Amino acid sequence: MTERETPPTGSRPRVLSVAGTDPTGGAGIQADLKSFAAHGAYGMAVVTALLAQNTHGVRDVLVPDAAFLRAQLDAVSDDVTVDAVKIGMLATAAVADEVGDWLARHRPPFVVLDPVMVATSGDRLLDDDAVAAVRRLLAVADVVTPNLPELAVLADEPVARTWPEAVQQATRLASAAGVAVLVKGGHLPGVESPDALVEGGRVVELPGARVASTSTHGTGCSLSAALAALRPRRPDWASAARDAKRWLGGAIAAGEALRVGSGHGPVDHFHHAPALGLPVFTDEVGGILAAACAASLEQPFVRGLADGGLPWDAFVEQLHQDALYLTAYSRVLARASTLAPSAEAQEFFARGAHSCLAVERSLHETYLARASVRPSSPPSAVTRAYVDHLAAVAAHGSYAEVVAAVLPCYWVYAEVGVTLLAQADAVPGHPYRDWVATYGSAPFTEHAAHACRLADAAAQHVDPATRERMIAAFDASCRHEVAFFGQVAVVATDPGRQVAALAVR
Ligand SMILES: Nc1ncnc2c1ncn2[C@@H]1O[C@H](COP(=O)(O)OP(=O)(O)O)[C@@H](O)[C@H]1O
Ligand SMILES: Cc1ncc(COP(=O)(O)O)c(N)n1
C-alpha cells in the first residue's frame, strides 16, 4: 500500500455505519445512510449481516465470515479518514470481536455503539453468546445507546419498569463500563418517550413527547446514526443527542405518510427537507402559467390591445374593474407582508401593496377621469370572484399559499405585457402603448421575477399538503386572470375595425 497523506478535513463529516441491512430501508445500514445524509454527513457503510426483513419482521439472516468483514473495514480505513463511526447489529461474537480489533487499529475520533439485540418485531439480532463480546466493545466506545431491554442485558440486571429506575441503571452501567450511556425510553408506556445521556456521573435528561404512530421501525438505528453524524459538528454529546432526538420526533410523526409496508413502518428521515427532489415551484406551475397566458392572449379585449383596435369604452370599463381589483389586491399583498418570513419579502410585499394603491389612484386621475363609466359602478361578478378567492387564501392560508395566490397577477401581466408591447410597438401611434408598456417592461417585469423567486423560496420549506394547496391557489388565480381579461364584451360595430364595448358581464 502506498503511503497516504493525511486527508484534509472534508466539507462534511465522513461517517461510517457498521451494521446489518434492511432491504425495506427502515432500519440498519439503509436507515443509517439516510440519517447521515439528513444531517449533512457523508455516509459510508460496512455490512455485518445481510437480513431478509421487512416492516413485519426478520425472515432470514446471513452473516458473512469475519475475514470478509475485516476486508471491508480495512478497505474503508486504508483509504478514508473516518470522522465518526456508528456500530449497529453485530449478530455474532466473531463479528463483534472483529469490529473490536478494527477499533484497536483504527479508532475514529467518535464511536457510537447501538447494542442491537432484538428488533421491534421481536426477532433476535444478536446471538446469546455474543453479549460478552458486545460488553467488551463498551470499553472502546464513547457512547452506547441501549433501549430498556438492552440496558438490562448490558447491566446484567432486570429490565427497568420506570424511567427513574432506567436512569439509575444507566448510571451504574456508565460508571462500571466507563462509557457514556444514552438510555432510550421508547419502550416505556405513557405519553412521554424520554431519553437521558449519562456521562461522567452527570445525567442530562432529554424529554420528548411520544408520537402516536406505528412508524417506529429503525428508530434506534436512526437515532444512533444521527448522533454519530452530528457529533463532529457539535461541542459535546449532549448537544448532539438533543438535536438528534428533536429530529427523530419529527421523523416518526412524518413516517406514516411514506406508506412503506403494512407493519411497523419506517420514519421519514427527510421530513425536515420536504421539497428535496421536487422541481422548483415556478417550474412546476410553468405549464399552468403558459396556458393562462395563451388563453389571455386569445381574449378579444387583449387582442384589441395588441392591435390597438380596442374601443375606448371597453378599455375604460376594464380599467375601472382593474382599479376595484387593485384596492382589494393591495390588502392581500399587505397580508403577505405581514406573514413574510424575511425582511426582504416583508418589504417587497409592503411596497407592492402601496404601489397597487398608487396605481389605482393614478388610473382615476388619468384614464378614468376622462371616462364615461360611473366611478360608482360596482365590481363585476368576475372581479368579485377573483377578489373573494384571494381574500379566502389570505384569511386561511399560510404565507406560502398567499404568495402562490398573488403570483399570477404579477406573472401573467408581465408575460402578457411583454408579448403585447412587442405587438404594440409594431403599430404606429398605438393608442394603448403607454399602458401596455407599464406591464411589458421594467420595473414591472423585474417585480414579477422577484415575486417568482419569493414563491420558489416559500415552496422550499412547506410540507407536501401545503405545496398542493399552493398549486391549487396558483391555478385558481390563473383562471381568474383569464376570466378577468375576458370580462369586457368587445363587439365589432364597424365591419372595418371599429369595435365598441357593450357592457361589463
Ligand atoms: N412513539 C414514539 N414517539 C416519539 N419518540 C419515540 C417513540 N418511540 C421511540 N421513540 C424514540 O426513538 C428512539 C429509539 O427508542 P427505543 O424505541 O427505546 O429504542 P430501539 O429503537 O432501539 O428499540 C428514542 O429516542 C425514543 O425516545
Ligand atoms: C439490520 C437491523 N439492525 C437493527 C434493527 C433494529 O431496529 P428496530 O429495533 O428499530 O426494528 C433491525 N431491525 N435491523
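This report covers the domains, one helix pair and the ligand shell of a predicted model.

**Domains**

The protein falls into two parts, domain 1 (14–258) and domain 2 (281–504). A distance of 56 Å separates the C-alpha centres of domain 1 and domain 2.

**Helix pair α12 and α15**

Two packed helices are described by the angle between their axes and the distance between the axes. Helix α12 spans residues 312–339 and helix α15 spans residues 399–425. The angle for α12 and α15 is about 145°, and their axes lie 9 Å apart. The crossing in which α12 passes α15 is left-handed. On the α12 side, the contact is made by Y329, V332, L333, R335, A336 and L339. These residues meet Y399, V402, V403, V406 and C409 of α15. By class, the contact of α12 with α15 holds 10 nonpolar residues, no polar residues and 1 charged residue.

**Shell around ligand 1**

Ligand 1 has 19 residues around it, of which N147, K184, G186, T219 and G220 come nearest. Helices α7 (219–230) and α8 (237–253) each contribute at least two residues to this shell. The most comes from α8, which gives 4 residues to the shell around ligand 1. By class, the shell comprises 4 nonpolar, 11 polar and 4 charged residues.

The table sets out the residue classes of the helix contact and the ligand shell.

| Site | Nonpolar | Polar | Charged |
|---|---|---|---|
| Contact of α12 with α15 | 10 residues | no residues | 1 residue |
| Shell around ligand 1 | 4 residues | 11 residues | 4 residues |

Technical notes:
Residues numbered from 1 in each chain as written. Chains lettered and ligands numbered in written order. Predicted model: local features only at pLDDT ≥ 70, side-chain atom pairs only at ≥ 80, totals over all residues. Domains from an automatic or database assignment. Axes fitted to C-alpha atoms, helices over the stretch in contact; angles between N-to-C directions. Left-handed = near helix turned anticlockwise from the far one by under 90°. Contact = placed C-beta atoms within 7 Å. Nonpolar A, V, L, I, M, F, W, Y, C, P; charged D, E, K, R; others polar. Near = placed C-beta within 6 Å.
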